[in-house]
Amino acid sequence: MNNPNKKKYFDFLPSPFGIAIILTIVTLLLSIIFGTKVDSGILNKTVATLGFWNAGFWDLLAFSMQMSLILILGHTLAMTPAIDEAIKFFSSKCTNNTRAILIIAISTMIMGWLNWGLGLIFGAILVRKTGELAARNDWKINYGAIGAAGYAGMMIWHGGLSGSAPLTVAEPDHFLINEMGMLPVSETIFTYQNLLTCLVVLALVPLGLLARIQITGRSLNLPDFLDNDEFSNIEATTIREDEDSLGFEKSSVVAVLIGSLFIISSIIIVFTQSHNSASGFLNLNFINFILFGVCIIGQGSIWKFQKVATIAVKESAGIILQFPLYAGIMGIMKYSGLAELMSDQFVAWSTQSSLPIFTFISAAILNIFVPSGGGQWAVQGPILIEAAKSLNVPMGKMVIAMSYGDQITNMLQPFWALPLLGITGLKASRIIPYCIVIFGVGAIIYLVSLALW
């Protein structure tokens, strides 16, 4: 057994909130030094940069609510009895490292492709359940590795059904509608190239993690966390009855009726509104709306839905608090010209064949500072679309190239790992070595895909 007090290579890492603060300071300094849209002089640049930070801090409030809802509702769906039973079934099969990595990584990435919030929370709870069973049964499980496997859905999500950029450009009133028109998901998410790429990711990422474990040759015992009350309420089944609650709020019939209204309304939208393709209705609002109904039905009562969603909000607090910080960083990069400067430089180096590759690289770098797919598209989209038109590169390919770059560095940026870290009791330093492996495997797959597309 490894010494739990032994220092690891990545123990020096600050907390995710600390990383957000560091990135904010770095971006402020970069704007003061390299900003192209501010007056000359250190004092003038400093004053202007602080103004950009303040303005950007509030720029993404509507989008932040969309993202928070998709995470909270995804969490709530993962805690419905049906999904909870599926998680228990999968975790019971994770009796060793090989099984655990294969089951957790593949199932989490499938869930993440369907919905990033669902995948993130499904993976976190699956890792937690597997850890509990391993501790009880003395299975030798590498907890850091399976924690990374449970986070792997965040490196495939943007090419899936909840991808921010593909869904944004599929809306009839998106902010670049005059420059590129409405782009249906049949030209982004549902292209055979993207679907094939996602299948290759599903196959090779678990193998990369298994190879990493084989190289280290270690199987780690789990920390003793079973008696930690901090996690005692992560399951819907632990919620106590509230005597003051109104009777109708506990009625399963009312839950089905209310939930069905959400679902029926969504179906009506699908068949009554005009779209460029059969899948053109897919956007963030549609997904959140239908998730709302499914979660109410799945929890069995309005009362239980509220209680479980409250737990989900608690686990999402770190992200909700950090979103304005990253919006502020985005504001600095956008208004100071830093993002445009970086994107323009990559575009200047590009040809028709290399533009998607450089788009992928620039998006991957920018995601470190702006870990929001939709926010990143807002910054990069106008530049990339103009470049695509000038070099005659398909718009759909450009959207997917940015999506791939945005999602891959989630493996290096712990912002979205906060719910998983909270639920599993892991530190970021324990999953980063394995996330780096996922990053490497995924980056190779995406670059090859874009080169051959």
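Start by selecting Phe89: at 47% relative accessibility this ring is partly exposed (20% to 50% relative accessible area, with under 20% buried and over 50% exposed, using a 1.4 Å probe and protein chains only). Add Phe90, also partly exposed, at 27%. The two make an edge-to-face aromatic pair, 5.8 Å centre to centre with 65° between the planes. Rings of Phe, Tyr and Trp (its six-membered ring) pair when their centres lie within 6.5 Å; planes under 30 degrees apart are stacked, over 60 edge-to-face, the rest tilted.

A word on what's loaded: it's a predicted model, where local features need pLDDT of at least 70 and side-chain atom pairs 80 or more, while totals for chains, interfaces and linings use all residues. Numbering runs from 1 along each chain as its sequence is written, and side-chain values use heavy atoms, without hydrogens or water.

Next, pick Phe323 and Phe415. Phe323 is buried at 3% relative accessibility, and Phe415 is buried at 1%. Colour by ring and you'll find Trp116, Trp157, Phe323, Tyr326, Phe415 and Trp416 linked into a cluster by ring pairs.

Now go to helix H2, residues 42-57 (helices are DSSP runs of H or I, at least four residues, and strands runs of E, at least two, numbered from the N terminus). Show Lys45, Thr49, Phe52 and Gly56, the buried residues of H2. They pack against helix H1 (16-34) and helix H14 (317-336), contact being heavy atoms within 4.5 Å. Flip to the face turned away from that buried side for exposed Leu43 and Val47.

How values were computed:
Expected span 1.5 Å × (residues − 1).
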